[in-house]
Amino acid sequence: MLSVMKKPIAFFVLFAICLVSASCRKALKDVNDYFPKVKTVSATVQANGSVMISGEIESDGADPIQYLGFCCGTHPDPRITDNQVIVQRDGNSFSAVLSGFSADSVYYFRSWAANSYGYAYGNVISLDSIAAVPVTPPCSLTMNTVDIGGSTGTHTYSSVSTPTSYMGIWQFTGNTATGPTVDFSFGSAIATGIYTTTLNTSPAAGQVYVDFTDGFIGGALNSGSSVYVNTVSPGVYDITICSAPWQYNSSTFYFKTHLTAPH
């Protein structure tokens, strides 16, 4: 569990230094005392499916800690480079938020710390079935349909593209054979949660820009409406918008949709 980083000092050099320096350190009795000691305190699943992991520094070892962090993976003995995250200490505590887990796997989390002599691990904590708490929209709509309001009626999506990312924006398009084409732009990686519509074409994290075209009619949803997202499986999302206003000339219409992306 320990990996020595510091090169050994030649005996005669060390002896000479000790002769001329009253501050020469006495060799430690236990080699493990040269290395840091850390403990993995907790790993807790958050509402959005991320994991808050915390650790505690029990000792810096013979030299101050230089690097500190966590590693995790699906193997019971995660190594320091497995999904490595480096953090800063807060006194003797340290923490991080990790994401990107699959609900059908068991994950193992471990703290680690390194000083000039090497690195050491903390204990391992395992979590199973890591998933976000589902969100429940306040409406029940037919799957893979869209209604932009007015007298246009309800249309069925013929296809919904796979979400792709560009410059931090996650986008996909829903097409209907008889009505609108709808574009969705999320300001962060899509995950289970409630997003808010915005008129900004470059939405921030937690926001989504939704616009559509239907023949000569088109528009974007007003800011402030809720978009309900549930992760069905990795890369597949259930999305509901119950009744979001949009403006056309001097009139207000209400947009409704329920779809699976991709479809």
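**Salt bridges, strand pairing and the main pocket**

Lysine 37 counts as partly exposed, with a relative accessibility of 32%. In this predicted model, the side chain of lysine 37 meets that of aspartate 33 in a salt bridge, with N and O 3.2 Å apart. Aspartate 33 is partly exposed too, at 35% relative accessibility. The total by the rule used here is 4 salt bridges.

Aspartate 77 turns up in two of these contacts. One goes to arginine 79, where the closest N and O atoms sit 2.9 Å apart. The other goes to arginine 110, and here the closest N and O atoms are 2.7 Å apart. The second contact spans some sequence: arginine 110 belongs to strand E7 (residues 106-115), while aspartate 77 is in the loop between strand E4 (67-73) and strand E5 (85-86), so the pair ties together parts that are 33 residues apart in sequence. Put together, Asp77, Arg79 and Arg110 are linked in a network of salt bridges.

How do the members of this network fare for accessibility, buried or partly exposed? Aspartate 77 is partly exposed at 31% relative accessibility, and arginine 79 is partly exposed at 32%. Arginine 110, at 6%, counts as buried, because the cut-off for that label is under 20% relative accessible area. The burial of arginine 110 fits its setting, as 9 of the 10 residues of E7 are buried, so the strand is largely enclosed by the rest of the structure.

E7 also has strand partners on record in the model. E4 and E7 run antiparallel and are joined by 7 bridges; within that pairing, tyrosine 67 has alanine 114 of E7 as its bridge partner. E7 also runs antiparallel to strand E8 (residues 118-128), this time with 9 bridges, and phenylalanine 109 stands opposite isoleucine 125 in E8. The link between E7 and E8 is a hairpin with 2 residues between the strands.

Further along the chain, strand E15 (residues 207-214) pairs with strand E13 (residues 181-186) in antiparallel fashion through 6 bridges. Phenylalanine 184 is matched there with valine 210 of E15. Strand E14 (residues 193-197) runs parallel to E15, and 2 bridges join them; threonine 197 has valine 208 in E15 as its bridge partner. E15 then pairs with strand E16 (residues 217-220), antiparallel and with 4 bridges, and aspartate 211 stands opposite alanine 220 in E16. E15 and E16 make a hairpin with 2 residues between the strands, and glycine 215 in this hairpin takes a positive phi near 65°.

As for open space, the largest pocket holds about 720 Å³. Its lining comprises 29 residues, and those nearest the centre are Gly100, Phe101, Ile190, Ala191 and Thr231. By class, the lining breaks down into 17 nonpolar, 11 polar and 1 charged residues. Which strands each supply at least two residues of that lining? Strand E6 (93-98) and strand E17 (226-233) do, with E17 giving the largest share, 4 residues.

Notes: Residues numbered from 1 in each chain as written. Predicted model: local features only at pLDDT ≥ 70, side-chain atom pairs only at ≥ 80, totals over all residues. Heavy atoms only, no water. 1 Å grid on protein atoms, 1.4 Å probe; cavity = no way out; pocket = protein on both sides within 12 Å on 5 of 7 lines; lining within 4 Å. Points joined across faces, edges and corners; volume = space filled by probe spheres on them. Nonpolar A, V, L, I, M, F, W, Y, C, P; charged D, E, K, R; others polar. Buried < 20%, exposed > 50% of the residue type's maximum accessible area, 1.4 Å probe, protein only. Pairing = 2+ DSSP bridges.
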